[in-house]
Amino acid sequence: MEGIVVLLVIAVGVIIIVPIMILVTMSNLRSDQEKHLKELKWGVQGLQRDLEGLKTAVKKLGPEELDAKPTEPAKPSSPIFEKPAQPTWPRETTKPAATGPGPETGPKEKEPAKPAVPTSLPAKTKPEFTPPPPHEPSRFETAARETLQKIWNWIIVGEEHIPAGVSMEYAVASQWLLRVGILILVVGIGFFLKYTVDKGLLTETARVALASITGLGMLAGGVQMLGRKYHILGQGLMGGGITTLYLSVFAASNHYGLIELPAGFALMAVVTVLAGGVAVRFNSILVAVLGIIGGYGAPLMLQEAAVSFPALYGYMLVLGIGVLGICYWKNWPLVNYLSFVATWILFLYFLEPYKTENFWQVMPFVAAFFVLFSTMTFLYKMVNKSKSDLLDLLVLYINAGLFFTIAYNMIDETFGRRWVSAMTLSAATFYTGHVVYFLRRRFVDRELLISFIGLAAFFLAVTMPLLLSPQWVTVSWAIQAFFMLWVAGKLGSRFLQHVCYGLYAIVLLRFGFIDLQQQFLRAAPAADLSMLAYMRLLAERLVMFGVPIASIGGAYRLLQLQEREMGDLVSDENDIAGWMSNAFAMRLAVGISLTMLFVYLHLEFNQTFGYWYAPVKLPLLTLLWIGMCGLLLYEALVRESEVLLAVMMLFLVGVLIKLFAFDLPSWNITGRFIYDGAYSFRDALLRLVDFGAVVGFLAGGYALLTSRSHTRDIAVVLGGTSLGLLFVYLTLEVNSFFMAFDSLRGMRYGAISISWSLFALGVILPGITRNTRALRYVGLALFGIVTWKVFFIDLSELEQVYRIIAFILLGVLVLCGSFVYLKYRDSFAITEPQDRGDES
């Protein structure tokens, strides 16, 4: 069911949503175009008013005023008027007669900020904004609109363009009266045949012969009228005659059984060739349309209770081939669309009595109709090297969607879902062949080529979920995306490249929301499995998750190569502009692959080491997190990226949360700041690895970042966290160790004080040698805490022997601290003379 749901969602998206989005986009483009056109008109009107105002002002100036050269150039209010080498316009006051050249004109002195232009212009002579250039409708949009207009004109007046000098009343009345009359006449002939059957008035042969003679007579009469006054009536009679011949042949072969099925198909082919030849020879779309209506209407007028699928669908296929022949010579979209709609409607209408036993009687015709109408949508355009339009692509998508839906249900019902993959793989091969032919012939039609590539990719993508079990779907899509990306580089197709990006997005979604949950979060407990069974499951997971990760990592390498060298088989005219640059895609590929690898390894370590040896699980997970932090730190330093530093800090926060929220509780830490239970040196070693990895990374990060001015604040945070974490670890370990043994329990408080003093001395020493005041202050503060603890806590808690040992050792350590300060006294005097007062 999961695969079916995915297929249905993708099919709906490609077949329904995409065309709707295209139509909505075209509607928005049209609205934007009309808006911009109005803005352009407003701007032009404003410019016209400016021009009229300038003309009026120039007419009011005399020749002397125009030739006058002022002795002092006017001071402009804007740099655009600064042209001292040229004479400026003499200014006008409210009284034009008072104007004159030179500085003697009063208004010049009173209004120095005004530009030197005539002031008799209209009040509003400048538009408030400069409208953007109008949107030019694309060739794709214009072609679809013209096709619809031609179809509409033919439906209304019988021609693609309304004839000049002909009233609308005459055009509509003459065409529709003719069409309705021919339709009524043909339907009457059909009812006559049915009536003779019901009443038994004529033999079956006589009925067919009479209908055939009528059809030939109408055809002959119509030919006689061509080229004369009643030319249109002649076309109508010819169409009616062809329809009657279709009716006769269908009745003789399918209804009465007077002739064998092969002979019936041969006669249908003759009538079809005749209809197509007449329509093309006399350039009469009316003949073709009437022939299609009559040909496809015959099965409805003479339908029987028992449907013969080969006879009926074979008849419809012959009609479609005839329309395909017309399509080769004439660009009559209405004929193509009528045939397309009629074929699929009749196919579905007569499919009601279908059973699985009829599969091989029906399925070949489904494939034939699919190929027929897929070819029909672009045959004329390819032959005449013209470009497709939106309507052509809509028919292409709808045809593919109908074929996929019908074939999927029939094959699944008969053979099972896996055999549907044979159909989808065949369809992918079919469209791939179109792409190859398109490129070899070097056609220029971007929309059509993109549609072929997209449909081929769609059918190839849905093949894998049908053919494979659910756990291998993501692997298959990842391999397909990598292969398609390689093909995109060889072809030089940006569109196919972006199709791969979309497929990789599906891989990522399935990887995160389906595969990880099924294999780890919802999986059965591994403790019940044998070692051999678990190893087999582990190997499957390595492939299931390793292949998508490797595919995205390989995509990074392919994009690197394509950045340097891209194929040129797909020209720019047949491609799209890239929505995503290769550089951004490469960065995204690296980030996604590393994230996927980290998430998988975390879950795998948690489950696998929990199955093999649970105590090592948490330290190994800490090492994994620290490894990720180290990689981020390295990349951040190499690339000097603040973003990567921020991500590293987030990972470090995650490590600390893991350490305190998960690791410490797993070792049964209590409120007394000790690990409960019997002391284990194995657990102590694991805790050393766990805490040591984090402390070591934090100290290393401090050492690397402290020398860089822009990362010094982060270095301080890392260093301080490292010292704090080390202090917590030592305190916990010393406290737990001395508490676990009865012989050492009396020394516990003294041991903690000694460890704190050693820690303080260890902090002060680098603080002095590296001249780091913060470290020295921390060490001195800790010495002060130890001194207070010794006199107010240890003195009362320690036994006499331990008290003596503790006090002696602590005294020695404090003296060592003093000795260190005395030893480096000269360093303080030289390096920090200004801070001596603060130090003291």
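This is a guided tour of the structure, moving from the whole chain to selected helices, cores and ring pairs.

**The whole chain**

Begin with the full cartoon, keeping in mind that the model is predicted. The secondary structure comprises 29 helices and zero strands, and of the 840 residues in the protein, 43% are buried. Among contacts with a separation of 6 or more, 73% join residues 24 or more positions apart. If you switch on a surface, the protein exposes about 44100 Å², of which carbon and sulfur atoms supply 66%.

Select the cysteines next, including Cys327, which is buried with a relative accessible area of 1%, and Cys816, which is partly exposed at 31%. A search of the whole structure finds zero disulfides.

**The largest nonpolar core**

Now select Tyr313, Phe347, Val362, Phe369, Tyr431 and Phe452, the residues with the most contacts inside the largest nonpolar core, which has 127 residues. Helix 14, residues 390-414, gives the most to this core, with 15 residues. A second, separate core of 33 residues can be located by selecting Leu624, Val655, Tyr675 and Val694, which are among its members.

Returning to Phe347, show its surroundings: leaving aside neighbours within four places in sequence, Phe347 is in contact with Tyr313, Met316, Val362, Val366, Phe369 and Ile406.

**Helix 11**

Phe347 is also one of the buried residues of helix 11, so select residues 333-349 to see the whole element. Twelve of the 17 residues of helix 11 are buried, and the helix is mostly covered; the buried residues include Pro333, Tyr337, Phe340 and Trp344. How far apart should the ends of helix 11 be, at 1.5 Å a residue? The expected span is 24 Å, and because the end C-alpha atoms are 24 Å apart, the model agrees with it.

**Ring pairs**

Colour the aromatic side chains, among which a search of the whole structure finds 46 aromatic pairs. Zoom in on Phe511 and Phe545, an edge-to-face pair with 5.3 Å centre to centre and 90° between the planes. This pair links distant parts of the chain, with Phe511 in helix 18 (residues 494-521) and Phe545 in helix 19 (residues 531-564), 34 residues apart. Phe511 counts as buried at 2% relative accessibility, and Phe545 is buried at 0%.

Keep Phe545 selected and add Tyr600, since the two form a stacked pair, 5.1 Å centre to centre with 25° between the planes. Tyr600 lies in helix 20 (residues 582-612), so the pair ties helix 19 to a part of the chain 55 residues apart in sequence. Both Phe545 and Tyr600 are buried.

For a larger group of rings, select Phe370, Phe403, Phe404, Tyr408, Phe430, Tyr431, Tyr437, Phe438, Phe443, Phe452, Phe458 and Phe459, which ring pairs link into a cluster.

**Helix 24**

Finish with helix 24, residues 712-740, where Met739 is found. Is Met739 buried or exposed? Its relative accessibility is 15%, so Met739 counts as buried. Apart from residues up to four places away in sequence, Met739 touches Arg672, Ile674, Arg745 and Arg748. A distance between the C-alpha atoms of Met739 and Tyr679 reads 8.8 Å, although these residues are 60 apart along the chain.

Within helix 24, select Ser722 as well, which is buried with a relative accessible area of 6%. Neighbours within four places aside, Ser722 is in contact with Val695, Leu698 and Ala699.

Methods. Residues numbered from 1 in each chain as written. Predicted model: local features only at pLDDT ≥ 70, side-chain atom pairs only at ≥ 80, totals over all residues. Heavy atoms only, no water. Helix = DSSP H or I, 4+ residues; strand = E, 2+ residues; numbered from the N terminus. Buried < 20%, exposed > 50% of the residue type's maximum accessible area, 1.4 Å probe, protein only. Contact = heavy atoms within 4.5 Å. Areas by Shrake-Rupley, 256 points an atom, 1.4 Å probe, with all protein chains shown as cover. Disulfide = S-S within 2.5 Å. Core = buried A, V, L, I, M, F, W, Y, C linked by side-chain atoms within 4.5 Å. Expected span 1.5 Å × (residues − 1). Phe/Tyr/Trp six-rings, centres within 6.5 Å; stacked < 30°, edge-to-face > 60°.
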